[in-house]
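The following exercises concern the model shown below. Each task is followed by a worked solution.

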Amino acid sequence: ALAGPRLVCEKDVFDFGERSSVETVQHTFRLENRGDADLRIERIRACCGATAALSATVLAPGGSAELEVNFSLRGEL
């Protein structure tokens, strides 16, 4: 196996179900470093009017961070 960081997101898809077109939906994804070296996250890129915030940008081996994603449905449905 190759040494280095290894990013894992247990559930990388989330179904918000049926929602109103005036809501803002939010979900938090848990990211983990299952490698054997520090994982550095230098940039998060959200699209389609979504916003994303990361709780940490450097994850030590075995460490984790939360990625909070918000998306306004206004005008999307």
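**Exercise 1. State how many bridges join strand 4 to strand 6, and determine which residue of strand 6 stands opposite alanine 52.**

Solution. The structure is a predicted model.
Step 1. Strand 4 and strand 6 are joined by four bridges, and the two strands run antiparallel.
Step 2. Within strand 6, the residue opposite alanine 52 is valine 69.

**Exercise 2. Describe the pairing of strand 2 with strand 6.**

Solution.
Step 1. Strand 2 covers residues 24–33 and strand 6 covers residues 64–72.
Step 2. Nine bridges connect these two strands, again in the antiparallel sense.
Step 3. Individual positions can now be matched: valine 25 has phenylalanine 71 of strand 6 as its bridge partner, while glutamine 26 faces asparagine 70 in strand 6.

**Exercise 3. Give the order of the strands in the open sheet, and explain why one side of strand 1 and of strand 4 is left without a neighbour.**

Solution.
Step 1. The open sheet consists of four strands in the order 1-2-6-4, with antiparallel pairing.
Step 2. Strand 1 (7–9) and strand 4 (51–54) lie at the edges; each has a single partner strand, and therefore one side of each has no neighbour in the sheet.
Step 3. On average, neighbouring strands of this sheet are turned by 25° against each other, direction ignored.

**Exercise 4. Characterise the largest pocket by its volume and its lining.**

Solution.
Step 1. The volume of the largest pocket is about 270 Å³.
Step 2. Its lining comprises 16 residues, of which Phe29, Ala46, Cys47, Ala50 and Val69 are the closest to the centre.
Step 3. Strand 2, strand 4 and strand 6 are the elements that each contribute two or more residues to this lining. Strand 6 contributes the most, with three residues.
Step 4. By residue type, the lining divides into 13 nonpolar, two polar and one charged.

**Exercise 5. Classify the aromatic pair formed by phenylalanine 14 and phenylalanine 16, and decide whether each residue is buried, partly exposed or exposed.**

Solution.
Step 1. A search of the whole structure yields one aromatic pair.
Step 2. In this pair, phenylalanine 14 and phenylalanine 16 are 4.9 Å apart, centre to centre, with 75° between the planes. Planes over 60 degrees apart count as edge-to-face, and the pair is accordingly edge-to-face.
Step 3. Buried means under 20% relative accessible area and exposed means over 50%. Phenylalanine 14, at 38%, is therefore partly exposed. Phenylalanine 16, at 27%, is likewise partly exposed.

Terms used
Residues numbered from 1 in each chain as written. Predicted model: local features only at pLDDT ≥ 70, side-chain atom pairs only at ≥ 80, totals over all residues. Heavy atoms only, no water. Pairing = 2+ DSSP bridges. Axes fitted to C-alpha atoms, helices over the stretch in contact; angles between N-to-C directions. 1 Å grid on protein atoms, 1.4 Å probe; cavity = no way out; pocket = protein on both sides within 12 Å on 5 of 7 lines; lining within 4 Å. Points joined across faces, edges and corners; volume = space filled by probe spheres on them. Nonpolar A, V, L, I, M, F, W, Y, C, P; charged D, E, K, R; others polar. Phe/Tyr/Trp six-rings, centres within 6.5 Å; stacked < 30°, edge-to-face > 60°. Buried < 20%, exposed > 50% of the residue type's maximum accessible area, 1.4 Å probe, protein only.
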